[in-house]
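Me: I have a new model open and don't know how to read its surface and its inside. Can we go through it together?

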Amino acid sequence: MLITSALAAAGPSLDPISDLEQLTAYPFMVNALQAGTIVAVMAGVVGWFMVLRRQTFAGHTLSLMAFPGATAALLIGLSAAAGYFVFSGLAALIIGTAAGARRRRNLGQESAITGAVQAFGLACGFLFLSLYQGVLANYESLLFGSFLGITRGQVLALALVAAVTLGLLAIVGRPLLFASVDEDVAQARGVPTRVLGIGFLLLLGLAVAETAQITGALLVFALLVAPAATAQIITPRIGLGLVLSVVLGVLITWAGLALAYFYDYPVGFYVTTVAFVVYVVARLARTLAERPTLLRGRVRRAEASA
């Protein structure tokens, strides 16, 4: 902490090579960069499908499950990470099973169930927190993230979870894409859309539980939504969109970690801010690019009506 405070006073230099050398000079920052890269790659891919399937509310709810999960795990003497995965997985199962009770996916029903799960999960989190008799150290890191204290073992564990998640997503990617674009036609072709929906929510729960260990429970949403949403604004092409989502996620994570390193504020704040700025810039650029086309369309309609 003294190291980061000293560097915060100095800030970054005008020499990017020197700044990069500083970022990689300490093992804890190397671990943070590696863990952040792993999380960004997985969140970029999973988040792209989440945005396409219009399940951002479900992703937000699963991210909030990190709070009751961590407090419950600490209450019974387990690591907070274990609580992340258990509660996110259970919430994903509940939302996926209840929302998929009908043959066809109902977005309204899914949103209602997701909201109920979110409220119940937060209530459980506050209950577990009140029952916990010890001192909950660094609770701000639980909510807003921290790059301090990431060990080599945690990096390897994150890499394993990411590999499993991306491997499973690669297996079901084509039918999942088909079901996400046109569920009715996919069902007619024999695609098990309900099973795919539940399976994807479980993968989303894994992604959320992993990302929360870097950005915190409240800001996990930034890496899952912003890069994917920005990529889909820039291009409708599937392959290019997935690659762009991953690249944006990695760059946003590196920028957030670098700013947190030099200025000694929560990494989640910087990651979220950078992600938001990138999204706004892409949205404005898209609007400006489409404006001439819209104006020409209005002129043609006016001439036709005249």
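Me: Which residues form a nonpolar patch on the surface?

Reply: A patch joins residues with over 30% relative accessible area and no salt bridge (a side-chain nitrogen of Lys or Arg within 4 Å of a carboxyl oxygen of Asp or Glu); like charges are joined within 9 Å, and nonpolar side chains (Val, Leu, Ile, Met, Phe, Trp, Tyr) within 5 Å. Here L75, I76, L78, L127 and L131 make one, with about 460 Å² of accessible area together, by the Shrake-Rupley method with a 1.4 Å probe, where for residues only the protein chains shown count as cover.

Reply: A word on the source: this is a predicted model, where local features need pLDDT of at least 70 and side-chain atom pairs count only at pLDDT 80 or more, while totals for chains, interfaces and linings use all residues. Residues are numbered from 1 along each chain as its sequence is written, and side-chain values use heavy atoms, leaving out hydrogens and water.

Me: Why does L78 count as partly exposed?

Reply: Buried means under 20% relative accessible area, exposed over 50%, and partly exposed in between (1.4 Å probe, protein chains only). L78 counts as partly exposed because its relative accessibility is 47%.

Me: And how many residues are in the largest nonpolar core?

Reply: A core is a set of buried Ala, Val, Leu, Ile, Met, Phe, Trp, Tyr and Cys residues joined through side-chain atoms within 4.5 Å. The largest has 67 residues, and M29, L169, L204 and L224 have the most contacts (heavy atoms within 4.5 Å) inside it. Helix α3 (residues 27-52) gives the most, 16 residues; helices are DSSP runs (H or I, at least four residues), numbered from the N terminus.

Definitions and conventions. Helix = DSSP H or I, 4+ residues; strand = E, 2+ residues; numbered from the N terminus.
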